[in-house]
Amino acid sequence: MNFKGGSGKTTSSAHLAQRLALKGYRVLAIDLDPQASFTALHGVQPEFDLLDGGTLYDAIRYEDPVPIADVIRKTYVPNLDLIPGNLELMEFEHDTPRALARGNAGLFFFRVKEALAQVDDQYDVVVIDCPPQLGFLTMSALSAATGVLVTIHPEMLDVMSMSQFLRMTADLMDVIADSGADMSHDWMRYLLTRYEPTDAPQNRVVAFLRTMYGDKVLNAPMLKSTAISDAGLTKQTLYEVERSAFTRTTYDRAIESLNAVNDEIAQLIQQTWGR
Ligand SMILES: Nc1ncnc2c1ncn2[C@@H]1O[C@H](COP(=O)(O)OP(=O)(O)O)[C@@H](O)[C@H]1O
Ligand SMILES: [Mg+2]
């Protein structure tokens, strides 16, 4: 999560979900962003293929929610299932204040958690790509989550916007915690994205972040690479494209960076499981 668009949320969550699935974890990926880039990356066309619903909204709405299994679909990646997103997710942002006013929203921030509980025994990891805003969807994902990744492009304006995001998130989490919900997480990490090690100002920001947040910043950054953005143009991740499609060093550098990031996250998950 992060409310900065372009901070690499979708790119990092797609590569994380696919890497974990390829490693044998049973993964459920959820696109919670109405803009649905994660969905498009996985071959579902948000504006054509979901005319009769099929997003998480169907399973978390206040009236007649469907079983979450009804909106889960297989992807072409073994072990990776998907709940796609599209603009319909916005309905949750509109419904929640109305349901709250009527007094029947229940604990709105538990909607995602409760829906996921139905398939808890079928997955090892759930990866949620959040929308670039701090709405009810994001808060509900945040209370369902056991781990939180905040993507951050190391430039000063992005860091300023992130600190605003963190302050607002903390305030909202306090409000939710006051109503008795457990808003603690097993882990929370900053993930540096689109990082260019040869860029001096970026390096100063990275040094600043590492000083401020210490080991809360993942050791491995996601390097900026044309291999990653070019793969994105054809709606692919780097795990899907042929190595021969790129200059070998470009591909190798990018994939090493992605694997290092994703394996560091896998390690956090394993630690939480006590393995
Ligand atoms: N490591 C990277 N190297 C190069 N381009 C990247 C990288 N990560 C993301 N991008 C590109 O930056 C743009 C925004 O990334 P995206 O993951 O969609 O951000 P968000 O989901 O936070 O809006 C996309 O066009 C994507 O291809
Ligand atoms: Mg996105």
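Hi everyone. A helix here is a DSSP run of H or I at least four residues long, numbered from the N terminus. With that in hand, look just past helix 9, where Lys-235 takes a positive phi of about 55°. Keep in mind that what we have on screen is a predicted model.

Let me stay with helix 9, which covers residues 226–233. Which of its residues are buried? They are Ala-227, Ile-228 and Ala-231. These three sit on the same side of helix 9, because they cover an arc of only 100° around the axis. On the face turned away from that buried side you will find Thr-226, Ser-229 and Leu-233, which are exposed. And what covers the buried residues? Helix 1 and helix 10, residues 248–273, are included in that cover.

Now for the ligand. Ligand 1 is surrounded by 18 residues, and the closest are Lys-9, Thr-10, Thr-11, Ser-229 and Gly-232. Two elements give two or more residues to this shell: helix 1, residues 9–22, and helix 9. If you like to think in side-chain chemistry, the shell has eleven polar residues, four nonpolar and three charged. So Ser-229 turns up twice in this talk, because by its C-beta count Ser-229 is exposed on helix 9, and Ser-229 is also among the closest residues to ligand 1.

Let's follow helix 1 away from the ligand. Helix 1 lies across strand 1, strand 3 (residues 80–83) and strand 4, and runs at about 165° to strand 4. Those strands belong to an open sheet of four, in the order 2-3-1-4, with mixed pairing. Which strands stand at the edges? Strand 2, residues 73–74, and strand 4, residues 125–129, do; each has a single partner strand, so one side of each is left without a neighbour in the sheet.

Here is a quick reminder for anyone who has been at the bench all week. Strands of a sheet pair through backbone hydrogen bonds, in either a parallel or an antiparallel sense. In our case, strand 1, residues 27–31, pairs with strand 4 in the parallel sense over five bridges. If you want to trace that pairing yourself, find Leu-28 opposite Val-126 in strand 4, and then Asp-31 opposite Asp-129. Although strand 4 is an edge strand, it is mostly covered, with four of its five residues buried.

Back to the stretch after helix 9 for a moment. Gln-236 is in the loop between helix 9 and helix 10. Is Gln-236 buried, exposed or partly exposed? It counts as partly exposed, because it has 16 C-beta neighbours inside 10 Å. Leaving aside residues up to four places away in sequence, Gln-236 touches Ala-231 and Val-241. There is also a long-range relation here: Gln-236 and Gly-43 are 193 residues apart in sequence, yet 9.0 Å apart in space, C-alpha to C-alpha.

To finish, here are two other residues with a positive phi, neither of them glycine. Asp-64 has a phi near 50°, and sits in the loop between helix 3, residues 57–60, and strand 2. Arg-194 has a phi near 45°, and its place is in the loop between strand 6, residues 187–192, and helix 8, residues 200–213. Their surroundings are worth a look. Asp-64 counts as exposed, because it has 6 C-beta neighbours inside 10 Å. Arg-194 is buried, because 23 other C-beta atoms lie within 10 Å.

Thanks for listening, and I'm happy to rotate the model for anyone who wants another look.

Key:
Residues are numbered from 1 along each chain as its sequence is written. Chains are lettered from A and ligands numbered from 1 in the order in which they are written. This is a predicted model: local features need pLDDT of at least 70, side-chain atom pairs count only at pLDDT 80 or more; totals for chains, interfaces and linings use all residues. A residue is near a molecule or strand if its C-beta atom, placed from the backbone, lies within 6 Å of it. Ala, Val, Leu, Ile, Met, Phe, Trp, Tyr, Cys and Pro count as nonpolar, Asp, Glu, Lys and Arg as charged, and the others, Gly among them, as polar. A residue is buried if 20 or more other C-beta atoms lie within 10 Å of its own, exposed if 12 or fewer, and partly exposed in between; C-beta atoms are placed from the backbone. The arc is that of the directions from the helix axis to the C-beta atoms. Two residues are in contact if their C-beta atoms, placed from the backbone, lie within 7 Å. Two strands pair if DSSP finds at least two bridges between them. Axes are lines fitted to C-alpha atoms, for helices over the stretch in contact, and angles run from 0 to 180 degrees between N-to-C directions.
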